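Reader: I have a structure open and would like to learn how to read it. Where do we begin?

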Amino acid sequence: AYPSNPHRQMRLSAHMKNILSRGKWALKNKVEGGNEGISYYGLPSSWATNILLPDDAAPERRNYYGLSYAGELKLLKVPGSSSHLRRIGIDYGFFSDDTQSSEHRFSANQKAVIDLSGQALDLGIGGDFLRTELPENRFQGLRLYRLGAEPSIQSSYRDLEFTIGVKVGAYGRTSDSLEGGKNGIYLLPDLRASYSFVPTYFRMFAQWSGDVSLNSFEELVKGNPFISSARIDQQISRRTWVEGGMEGRIIDPLRFRAYARFTLADQMPLYFRLPGELPNMGMAVLYDDMDIGSLRGELNYKKADWDL
């Protein structure tokens, strides 16, 4: 229909960062805002099926707006103390489009460390809260949350370093337009180990871990700007993965990393176009369970000194 110019996309963003440091603490601030506009006549699936649009067809236009703030307070260890608060962080974001859809996102987390005779006990606690209003959608006043703790202990024996921990918490999803809701708890492993065959030059590593994430309107749009707010469903995703590999450096500025990962994903978001929809009606979001395998290799050149 319009094969030479299927769509246009423009992004405009600005951000500001600053760090305030006073004695034993440092405060890092980041403010970011932006706009993304897209204009298109049809989606790839409509071009593939040769659906023709009339000559006077108007393109679909959408604009997205975002504003966010992230703050992180870091504290240094107090001499003579066996425990200290390492970090406190907060994150707030607002996202909207020109159909009066809006989303508020808030998260907070803290990390404390306790020294236990050479081992480090990490105590991490955090939470995420999300509220979305989509006027064109059947889900009104959608709220998602996650509260969790991530205790772990780090230790070493000669050239072997390892971390033993768990990720435990609760999550939920409710809506003003739906009766009841969905709530649950999760318990995921957080096991990591690495062995240095040649310190700073070659080591093997392995990990068994997972996470729970809230699928926000903003993240779904970043994944595919052609989705329609009328066809969005927001679920809570959970992943568990096992990975192992090697990393090191060949010479001082040249380093490498190679690993394999296998992931079990529950409620993973996928994008598709509903059958029978007009070409410019946007795409929808579908959730499904998936098994994902991946292999990855990296080769980096860096002049500055570094340690594994």
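Author: Begin with one pair of charged residues. The side chains of Glu 218 and Arg 105 form a salt bridge, at 2.8 Å from N to O. Keep in mind that this is a predicted model.

Reader: What is the general idea behind such a pair?

Author: Side chains of opposite charge can pair when their charged atoms come close.

Reader: Where do Glu 218 and Arg 105 lie, and how many residues apart are they?

Author: Glu 218 belongs to helix α2, residues 217–223. Arg 105 belongs to strand β5, residues 102–116. The two are 113 residues apart, so the pair links distant parts of the chain.

Reader: Is Glu 218 buried or exposed?

Author: Glu 218 is buried, at 12% relative accessibility. The cut-off for buried is under 20%. Arg 105 has a relative accessible area of 23%, so Arg 105 counts as partly exposed.

Reader: How many salt bridges does the structure hold?

Author: It holds 16. Take Glu 72 and Arg 87 as another case. Their closest N and O atoms are 3.6 Å apart. Glu 72 sits in strand β3, residues 60–75, and Arg 87 in strand β4, residues 83–97. This pair, too, links distant parts of the chain, with the two positions 15 residues apart in the count.

Reader: What about the exposure of Glu 72?

Author: Glu 72 is partly exposed, with a relative accessible area of 22%. Arg 87 is partly exposed as well, at 25%.

Reader: Which residue does Asp 266 meet in a salt bridge?

Author: Asp 266 meets Arg 238, at 3.6 Å from N to O. Asp 266 is in strand β12, residues 254–272, while Arg 238 is in strand β11, so the salt bridge ties together parts that are 28 residues apart in sequence. Asp 266 has a relative accessible area of 30% and is partly exposed. Arg 238 also has 30% and is partly exposed.

Reader: Which residues do salt bridges with shared partners join into one network?

Author: Asp 91, Arg 105, Glu 218 and Lys 222. Two of these names, Glu 218 and Arg 105, are the pair we began with.

Reader: Now a polar residue without a charge. Where does Asn 29 lie?

Author: Asn 29 lies in strand β2, residues 25–40. Its relative accessibility is 13%, so Asn 29 counts as buried.

Reader: Which side chain does Asn 29 join in a polar contact?

Author: That of Tyr 69, at 2.5 Å. Now list the contacts of Asn 29, leaving aside neighbours within four places in sequence. They are Met 16, Lys 17, Asn 18, Tyr 69 and Ala 70. Tyr 69 thus turns up in both searches.

Reader: How do I read two paired strands?

Author: Look at the direction and count the bridges. Strand β6, residues 119–133, and strand β7, residues 142–157, run antiparallel and are joined by 13 bridges. Then find who stands opposite whom. Ile 125 is opposite Ala 149 in β7.

Reader: How many bridges join β7 to β8?

Author: Again look at the pair. β7 and strand β8, residues 160–174, are joined by 13 bridges and run antiparallel. Tyr 157 has Leu 160 in β8 as its bridge partner.

Reader: How many residues lie between β7 and β8 in their hairpin?

Author: There are 2. One to look at is Arg 158, in the loop between β7 and β8. Arg 158 has a positive phi of about 55 degrees, although it is not a glycine. With a relative accessible area of 74%, Arg 158 is exposed.

Reader: Where is Gln 267 found, and what is its phi?

Author: Gln 267 is found in strand β12. Its phi is positive, about 60 degrees, and it is not a glycine. Gln 267 counts as partly exposed, at 22% relative accessibility.

Reader: One last step. How far apart are Arg 249 and Phe 202, in sequence and in space?

Author: They are 47 residues apart in sequence and 6.7 Å apart in space, C-alpha to C-alpha. Arg 249 is in strand β11, residues 236–251. Arg 249 is buried, with a relative accessible area of 11%.

Definitions and conventions
Residues numbered from 1 in each chain as written. Predicted model: local features only at pLDDT ≥ 70, side-chain atom pairs only at ≥ 80, totals over all residues. Heavy atoms only, no water. Helix = DSSP H or I, 4+ residues; strand = E, 2+ residues; numbered from the N terminus. Buried < 20%, exposed > 50% of the residue type's maximum accessible area, 1.4 Å probe, protein only. Salt bridge = Lys/Arg side-chain N within 4 Å of Asp/Glu carboxyl O. Polar contact = N/O pair within 3.5 Å; in protein donor to acceptor, adjacent residues only side chain to side chain. Contact = heavy atoms within 4.5 Å. Pairing = 2+ DSSP bridges.
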